[in-house]
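Reader: Hi, I'm new to this one. Can you put it up and walk me through it?
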Number of protein chains: 12
Amino acid sequence: MKVLVVHGPNLNLLGQREPEVYGSLTLADIEQELSDLAQRLEVSIEFYQSNHEGEIVTRLQEADQDCDVILINPAAFTHTSVAIRDALAAIQCPAIEVHLSNIHAREEFRQHSYTASVSVGVITGFGKESYLLGLRAAVALVQPS
Amino acid sequence: MKVLVVHGPNLNLLGQREPEVYGSLTLADIEQELSDLAQRLEVSIEFYQSNHEGEIVTRLQEADQDCDVILINPAAFTHTSVAIRDALAAIQCPAIEVHLSNIHAREEFRQHSYTASVSVGVITGFGKESYLLGLRAAVALVQPS
Amino acid sequence: MKVLVVHGPNLNLLGQREPEVYGSLTLADIEQELSDLAQRLEVSIEFYQSNHEGEIVTRLQEADQDCDVILINPAAFTHTSVAIRDALAAIQCPAIEVHLSNIHAREEFRQHSYTASVSVGVITGFGKESYLLGLRAAVALVQPS
Amino acid sequence: MKVLVVHGPNLNLLGQREPEVYGSLTLADIEQELSDLAQRLEVSIEFYQSNHEGEIVTRLQEADQDCDVILINPAAFTHTSVAIRDALAAIQCPAIEVHLSNIHAREEFRQHSYTASVSVGVITGFGKESYLLGLRAAVALVQPS
Amino acid sequence: MKVLVVHGPNLNLLGQREPEVYGSLTLADIEQELSDLAQRLEVSIEFYQSNHEGEIVTRLQEADQDCDVILINPAAFTHTSVAIRDALAAIQCPAIEVHLSNIHAREEFRQHSYTASVSVGVITGFGKESYLLGLRAAVALVQPS
Amino acid sequence: MKVLVVHGPNLNLLGQREPEVYGSLTLADIEQELSDLAQRLEVSIEFYQSNHEGEIVTRLQEADQDCDVILINPAAFTHTSVAIRDALAAIQCPAIEVHLSNIHAREEFRQHSYTASVSVGVITGFGKESYLLGLRAAVALVQPS
Amino acid sequence: MKVLVVHGPNLNLLGQREPEVYGSLTLADIEQELSDLAQRLEVSIEFYQSNHEGEIVTRLQEADQDCDVILINPAAFTHTSVAIRDALAAIQCPAIEVHLSNIHAREEFRQHSYTASVSVGVITGFGKESYLLGLRAAVALVQPS
Amino acid sequence: MKVLVVHGPNLNLLGQREPEVYGSLTLADIEQELSDLAQRLEVSIEFYQSNHEGEIVTRLQEADQDCDVILINPAAFTHTSVAIRDALAAIQCPAIEVHLSNIHAREEFRQHSYTASVSVGVITGFGKESYLLGLRAAVALVQPS
Amino acid sequence: MKVLVVHGPNLNLLGQREPEVYGSLTLADIEQELSDLAQRLEVSIEFYQSNHEGEIVTRLQEADQDCDVILINPAAFTHTSVAIRDALAAIQCPAIEVHLSNIHAREEFRQHSYTASVSVGVITGFGKESYLLGLRAAVALVQPS
Amino acid sequence: MKVLVVHGPNLNLLGQREPEVYGSLTLADIEQELSDLAQRLEVSIEFYQSNHEGEIVTRLQEADQDCDVILINPAAFTHTSVAIRDALAAIQCPAIEVHLSNIHAREEFRQHSYTASVSVGVITGFGKESYLLGLRAAVALVQPS
Amino acid sequence: MKVLVVHGPNLNLLGQREPEVYGSLTLADIEQELSDLAQRLEVSIEFYQSNHEGEIVTRLQEADQDCDVILINPAAFTHTSVAIRDALAAIQCPAIEVHLSNIHAREEFRQHSYTASVSVGVITGFGKESYLLGLRAAVALVQPS
Amino acid sequence: MKVLVVHGPNLNLLGQREPEVYGSLTLADIEQELSDLAQRLEVSIEFYQSNHEGEIVTRLQEADQDCDVILINPAAFTHTSVAIRDALAAIQCPAIEVHLSNIHAREEFRQHSYTASVSVGVITGFGKESYLLGLRAAVALVQPS
């Protein structure tokens, strides 16, 4: 079983970007924790980050070929990208949406998600834990106990 | 460390209520799984269900006295109860909101939550796993690794 | 065949509450007329009134055990209660919504009903006759001619 | 005492029009049941169907001359016709609005009625029973017990 | 010079229709006053009333052949008819919109006019004087002093 | 009988202000035509123009003392002044609202009038004729034929 | 195979109606081109134009008896007629909606179509070609290659 | 003369609940000040607090029997309870609405009050003084100077 | 300690202006009662009324020099004046907003206040008592007991 | 004459993407049919697909150099891309918008098109035929018969 | 060449008004810097400040007589004054709108400007530099390099 | 000191793109003028143009490393890109937003900017001067006089 983790735009800045909102961990830190957990859960994991909507669309399209479940933090594209929504709907591979910050407690425009309704579920507000919980959710989804 | 789990209205019907939306597990089944996980995570857990907004408000008010973190599925009250929102804001004890179904994929009125923005975060759409992930989030919140 | 009649908040004040809107009959008067008609139609009837949303939710949840059809005037809760809506959706027993006044001719906020779309149908504006017609609709629903 | 029954556009197609929404009875079937009930209730009844808003306006204008109460299913015109609303408001003869399907459970645009607020009341969602209950409401209105 | 006066739906009921809103004059009374004024102003005048949107559309289409200016009270169609708007826009003959009652002081839905923006101007709220002023406006438009 | 004519802000620029919208007549030209017509109709007339909302409010407040009817073109204040609306509502003297241009054919924000619903009626779109018709309406209102 | 072409209100004015929007061809010109193309495509074709919503409803209701596919330009009724929408939904015969002008580039109110969502598809903005393409679409629909 | 003071949900937490918004006084402190003032004003006073909408509805219904005026801080129910609004409208006893914080300076959803329009008036933003002023308003209402 | 009382537009008409809404007392009556109460409370008081938004802005700007607290009934400007809002925000002197009528029970546009959120609090609906309570609130604000 | 066909994001998945919405043909199948038709119509044709908004913008900018008309299915970008709209507006080459599915019968957010109003026209809902009809429209546009 | 600088309401308070928003410079400081820059740019400059909408309207009307370009900070009137908008549209003299603070980052109601769309352009958010840049823009507009 | 100038999509077409809106200068012309002014102001300047949202995000992320202030015309992305907004918020380097045309005088959708509220300020409507003024604003920001 393999999990594809997709990070949207600006997440490569993590740690330096608005630390009061997003925390001080870097994306590498989070990926390391995810890798550790993946190893404990005995699943394979791959990371992908892009600031390009089109590249994310393309990567998602390939997911059916090479993974079983997607963990995606679409970041800004959550609120603006019908293309990513359509990609998620077009593939068979299920997706889980995660956010570091609690989008319900932020600007009005961050409270609508194009991708949430084509995902299995959403985890928002727990910082790095959002990703770790998302990985557990992914494993539970594909390998229900 | 103690976790208070609060179930909102109609969750006592779980298993017989719209199984295509909410799954076939009963609330007792879920509570059993939560107890098992709590034991593994070495935390204490208490369950509370009510169909009464006022009773939930009162129970939440008492939380500061007897627990460290709240796991709440406000169910219908998510979308209508400012009183529960105010109770969550009034206490010191942090709360985590969970939903069995993916509320982003349901009726328009279920897509606004009065309680989400005063919670730490939200987990929605994973069925019983929403609760189990929520318990892990609660533990991580109070006992960060 | 048994019909459960549920009256929402403030209907216990009937006869003294805004008689220009709701008429001068008391709830007892209406229940007497309903009992008489139920006897003529050879169905059993039970009445329940509460000012508590939670109590109405709980009573509706029990309906599957002890009645065949529900006649409900949710009164103020028509416009604010997702919990009652969810209870009606959760049970098998069909419900018929009635209103004494014509809600389409009143304040804007009274023109949206959370419960109407999960009911079989709605009868509004005929005073006590709304209940009597509702009882006939209930009987016709369960015992189609 | 005479009741005028007015059927709006496309109701002449009843039985073949979207049977999953409107049922399989024809308009003639319903009119037969209405005639039978009218006979039992000892009132006179007349039927009028038109696909033309203007013809319905004109027929309603004549109602003061030849009938005591109107039973109207404005169908599509419910949602679009200020002219029919104005005709109902202009005459002395009271009107009762009925709908076969539960308009609260259908498209958004079917949930606003121009005619409901100038009618005595509305009965919606009971199929042919909407008409039969409407006839009883009409009789009760003009000949209160 | 000839003026065509077009009366929309329900105006044939004038005098008996909601006299507190529309006054007690009949349409014949108003037409008589209009004829008298037309004679004084030395213009020809023709009256047309219909409850049918389609008939009004057709009559307006013919206006280019037989008249110089249109005085129209679209009544209910003011608020619902794009077809009459399109007819007014399609012809060369200018139109003046009049209303007996002050539509700005009535229901919200009466405050939007599809026809006003394709008319030269609007006169609303003066009872029969709306028509008489409209006739003067029509003459001034075609025969500017 | 005396008519007070009140011109709102920027009407003193008439003739030079956006002539494609407002025409090339000056305010003096229009007042001359109004004076001539007033003489023919044997009524007294007074003119008042101000760019100050407060001055117009004050002038309207004095109207009960010295005139019988008000002819007002509130211009920009039509769309923004609750104070002028309140002044019109506070006095006994009836008011008639006029506009040179057809406000229904202009910007969205010009299509709402705070003053129209507390006026007897509105005349809009006829250029100088709006005023002349308004004067006739004023006379007809106070001296009905 | 037979195609019914339905033209809505004011299309009989084509060629003289706002030629900058609708072009200078008459309806007869367009029908001639349609007939020529129908002949080439070896299908039968019938034309129907009406300014009456009710007549169009009635004609559409009959379509199941005498044709295989409908080509309809509802014109103004596109935006206002639930009755025509209901007629299209009530019959088995599929419909194709066409517009001469590009309704997306016109007034806001022309951008909502009641009929589009119950049609197979929509062709808008190509002048007479909208009809010719619509005829090809109709043939392709009934006789897929 | 007797005044009933009704405190809505979470007001029992006063002093510990969001002190930056609601101040550091407890409900007992405020009630003591109210009792002192009542004594000075020579009126009787009774206090009632509940977190249950239904209990507040029931207490308000009884008010006609045992008090002359109501001082109510509906707290969260201000914004969500049609049932309390209906109870206030159903009884003869007048009500005065008070709020500790200035609801106009808080979240958007706190700026609509279901209860304000059926109250005599509203006092908002003065902390404990809102209650004391409300008591004076109550006395002035029943015993106008 | 000195209180500045600012009355907005049309309040100079009090007593003659819509007495069913605003009562029959004149502004002088109210000011007399305020002066009497000020004397009892041992504070100085000054009155200012203007129909001009700009004059009120200027008077408020001067308040920091010569008074300790402002009692303002912005009347119509409540709903339209950002300039007065900005003046209140710009000065140090705190303001209390009062209204004679219950603005929550009036037209929709009167239910938004630009000034309320920059005031300490609002008192609305008690007639002259709104001012008297406001004066007490002002004193309590500056001289807390 | 040369036609440029531009396919937006996810159209490369055609045939496997939601076949109940988009059909089972692949993009290659459609391009083959388009090539065949282009050959019959004696026009040159070029295909371009991208999941990148920016690439589509750049390709459209080059269109003035190398083609006469554009056939574009912007897919998800229809609803979100002002950049593509601006590119279409910036170039001289006319564009025709096509959609496989009937966007009027899908989610609310798919019913607004940024690109439609800067295109010549739109063809939506006919599956592969949308493209073929679009090609005919393109040829008719550049080579009017 | 002469530039008229118009300051709207409350700008006379600059330096003491909300310094965290507007900075600590006084209006005199800004005018001194503007004068210095004007001298360097060899243009004449005049300053005008008023808290009165009407006075600003009047001053703008005179601008055609005595200046070449207007630099205006309408302050609060930006969001409420159609009269100032109309004055700007009525005169020939072009206007440039400036704001000290970034209105896009402030309250929702400050994000609509009545005056911006009748100005040449807008400069917002640079404190005193907004004015200085505005002066350069004014000079560049009238004396393009 | 170094200024990074970022041009959004389609700005590479400048000079040929809708010259009535954007003027006839090319981007190279504007960059030449900017370079000249930068030299006069003794600051370094770099230009970057892209049609790709993702590339602009990436370039902005690098800005903290190599420049002191950003001058950005996000063009179409102004209205649609949360990703660029987030990039601007994530970096320390301040940004100034400029637009060639006056976006307040254009389509409704161009009047909302995602980027404006995270920029220091906005300059819109002055053609090439918007850039030149923006450069001056940038210098003044980093090197306040």
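Reader: At what angle do helix 2 and helix 6 of chain J pack?
Author: This is a predicted model, where local features need pLDDT of at least 70, side-chain atom pairs count only at pLDDT 80 or more, and totals for chains, interfaces and linings use all residues. Residues are numbered from 1 along each chain as its sequence is written, chains are lettered from A and ligands numbered from 1 in the order in which they are written, and side-chain values use heavy atoms, with hydrogens and water left out. In chain J, helix 2 (residues 27–41) packs against helix 6 at about 25°, and their axes are 10 Å apart. Axes here are lines fitted to C-alpha atoms, for helices over the stretch in contact, with angles from 0 to 180 degrees between N-to-C directions. Helices (H or I, at least four residues) and strands (E, at least two) are DSSP runs, numbered from the N terminus.

Reader: So are helix 2 and helix 6 of chain J roughly parallel or antiparallel?
Author: Roughly parallel, as follows from the angle between helix 2 and helix 6 of chain J. The cut-offs are under 35 degrees for roughly parallel, over 145 for roughly antiparallel, 65 to 115 for roughly perpendicular, and oblique for the rest.

Reader: Which residues of chain J make that contact?
Author: Helix 2 of chain J brings Ile30(J), Glu33(J), Leu34(J), Leu37(J), Ala38(J), Arg40(J) and Leu41(J), while helix 6 of chain J brings Lys128(J), Tyr131(J), Leu132(J), Leu135(J), Arg136(J) and Val139(J). Contact means heavy atoms within 4.5 Å. By class, there are nine nonpolar, no polar and four charged residues in the contact of these two chain J helices. Ala, Val, Leu, Ile, Met, Phe, Trp, Tyr, Cys and Pro count as nonpolar, Asp, Glu, Lys and Arg as charged, and the others, Gly among them, as polar.

Reader: Helix 6 of chain J again: how does it cross helix 6 of chain G?
Author: Both helices span residues 128–142, and their axes come within 10 Å and cross at roughly 150°. Helix 6 of chain G and helix 6 of chain J are therefore roughly antiparallel. On the chain G side, the residues that meet helix 6 of chain J are Glu129(G), Leu133(G), Arg136(G), Ala137(G) and Ala140(G). Their partners are Glu129(J), Leu133(J), Arg136(J), Ala137(J) and Ala140(J). The residues of this contact between chains G and J divide into six nonpolar, no polar and four charged.

Reader: Switching to chain D, what about helix 3 and helix 6 there?
Author: In chain D, the axes of helix 3 (residues 53–61) and helix 6 (residues 82–90) come within 9 Å and cross at roughly 0°. That makes helix 3 of chain D roughly parallel to helix 6 of chain D. Glu53(D), Ile56(D), Val57(D) and Leu60(D) meet Ala83(D), Ile84(D), Ala87(D) and Leu88(D). By class, this chain D contact has seven nonpolar, no polar and one charged residue.

Reader: What turn lays chain C on chain D?
Author: A turn of 180° with a shift of 0.0 Å along the axis, giving an RMSD of 0.0 Å for chain C on chain D. The two copies are thus related as by a two-fold rotation axis. In chain C, Ile123(C) comes closest to that axis, at 2.2 Å (C-alpha). Copies are superposed by least squares on the C-alpha atoms of residues with pLDDT of at least 70 in both.

Reader: And chain E on chain D?
Author: Chain E needs a turn of 120° and a shift of 0.0 Å along the axis, with an RMSD of 0.0 Å. That is the relation of a three-fold axis.

Reader: How far apart are the nearest C-alpha atoms of chains A and F?
Author: They are 25 Å apart, and chain A and chain F do not touch.
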